[in-house]
Amino acid sequence: MRQRFPKANVLKVTGGPAMSSVWMQMLADLTGMTVEISDVDETGSLGAAMMAMVGSGEFASLQECTNSMTHSMSRIEPNPENYSRYQKKYHNYQKLVQLFKQFEDEIDA
């Protein structure tokens, strides 16, 4: 995640996996980033409904519509010890992949 989004400090997660505190803790620990989980279960549907409210004139703008809503976020902080362990395991995995590539090159020659 940090390679793909280097400026991101927080991961905002929705959907099925967000329902599992174990998976979300693992995600925080793997990435070393804080995970935020919205109390809105269907964020895509909410976005579509908000666009419809703006389009129908219920609200003058998407910002006005957003400001009229209240919702909460739960936060899961990464465990620095687990992050360090996962980084070590990932580094070892990368070394193993390189060894397999080298081996494949040798047998193909």
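## Exercises on a strand-and-helix model

Met33 occupies the loop that joins α1 to β2. Helices (H or I, at least four residues) and strands (E, at least two) are DSSP runs, numbered from the N terminus. The model is predicted, with local features requiring pLDDT of at least 70 and side-chain atom pairs counting only at pLDDT 80 or more, while totals for chains, interfaces and linings use all residues. Residues are numbered from 1 along each chain as its sequence is written, and side-chain values use heavy atoms, with hydrogens and water left out.

### Exercise 1. The loop residue Met33

Classify Met33 as buried or exposed, and list the residues with which Met33 is in contact beyond four places in sequence.

Solution.

1. The relative accessibility of Met33 is 1%, so Met33 counts as buried. The classes are buried (under 20% relative accessible area), exposed (over 50%) and partly exposed (in between), with a 1.4 Å probe and protein chains only.
2. With neighbours within four places in sequence left aside, Met33 is in contact (heavy atoms within 4.5 Å) with Met1, Arg2, Ala8, Asn9, Val10, Leu11, Ala28, Ile76 and Pro78.
3. From Met33 to Glu77 there are 44 residues in sequence, and their C-alpha atoms lie 7.0 Å apart in space.
4. Just after α1, Gly32 adopts a positive phi of about 75°.

### Exercise 2. The sheet

Establish the strand order of the open sheet, then state in which sense each pair of strands runs.

Solution.

1. Three strands form the open sheet in the order β1-β2-β3, and the pairing is mixed. Two strands pair if DSSP finds at least two bridges between them.
2. β1 (10-13) and β3 (73-76) are at the edges with a single partner strand each, so one side of each has no neighbour in the sheet.
3. From one strand to the next, the twist averages 25°.
4. Strands of a sheet pair through backbone hydrogen bonds, either parallel or antiparallel.
5. Between β1 and β2 the sense is parallel, over four bridges. Val10 has Thr34 of β2 as its bridge partner, and Val13 has Ile37 of β2.
6. Strand β2 (residues 34-38) pairs with β3 in the antiparallel sense, also over four bridges. In this pairing, Ser38 is opposite Met73 of β3.

### Exercise 3. Side-chain directions in β1 and β2

Assign the side chains of β1 to the two faces, and explain why β2 is described as largely enclosed.

Solution.

1. Side chains alternate along β1: Leu11 and Val13 point to one face and are buried, whereas Val10 and Lys12 point to the other face and are not.
2. In β2, Thr34, Glu36 and Ser38 point one way and Val35 and Ile37 the other way, and all are buried.
3. Because five of the five residues of β2 are buried, this strand is largely enclosed by the rest of the structure.

### Exercise 4. Helix α1 and its packing against α4

Describe how α1 and α4 are oriented relative to each other, and identify the residues that meet.

Solution.

1. Helix α1 (residues 21-31) packs against helix α4 (residues 80-108) at an angle of about 65°, the axes being 7 Å apart. Axes are lines fitted to C-alpha atoms, for helices over the stretch in contact, and angles run from 0 to 180 degrees between N-to-C directions.
2. The two helices α1 and α4 are therefore roughly perpendicular (65 to 115 degrees) to each other.
3. Their crossing is right-handed (the near helix is turned clockwise from the far one by less than a right angle).
4. Met26, Asp29, Leu30 and Thr31 of α1 meet Asn82, Tyr83, Tyr86 and Gln87 of α4.
5. By type, the residues of this contact are four nonpolar, three polar and one charged. Here Ala, Val, Leu, Ile, Met, Phe, Trp, Tyr, Cys and Pro count as nonpolar, Asp, Glu, Lys and Arg as charged, and the others, Gly among them, as polar.
6. Met24, Ala28, Asp29 and Thr31 of α1 are buried, and what covers the buried residues of α1 includes β1, β2, β3 and α4.

### Exercise 5. Three helix residues

Determine the accessibility class of Met24, Leu46 and Gln63.

Solution.

1. Met24, in helix α1, has 3% relative accessibility and so counts as buried. Residues up to four places away in sequence not counted, Met24 touches Val13, Pro17, Ala18, Val35, Ile37 and Ile76.
2. Leu46, in helix α2 (residues 43-55), counts as partly exposed at 27% relative accessibility. With residues up to four places away in sequence not counted, Leu46 touches Val40 and Met69.
3. Gln63, in helix α3 (residues 62-67), counts as exposed at 51% relative accessibility. The C-alpha atoms of Gln63 and Met50 are separated by 9.9 Å, with their positions 13 residues apart along the chain.

Definitions and conventions
Parallel < 35°, antiparallel > 145°, perpendicular 65-115°, else oblique.
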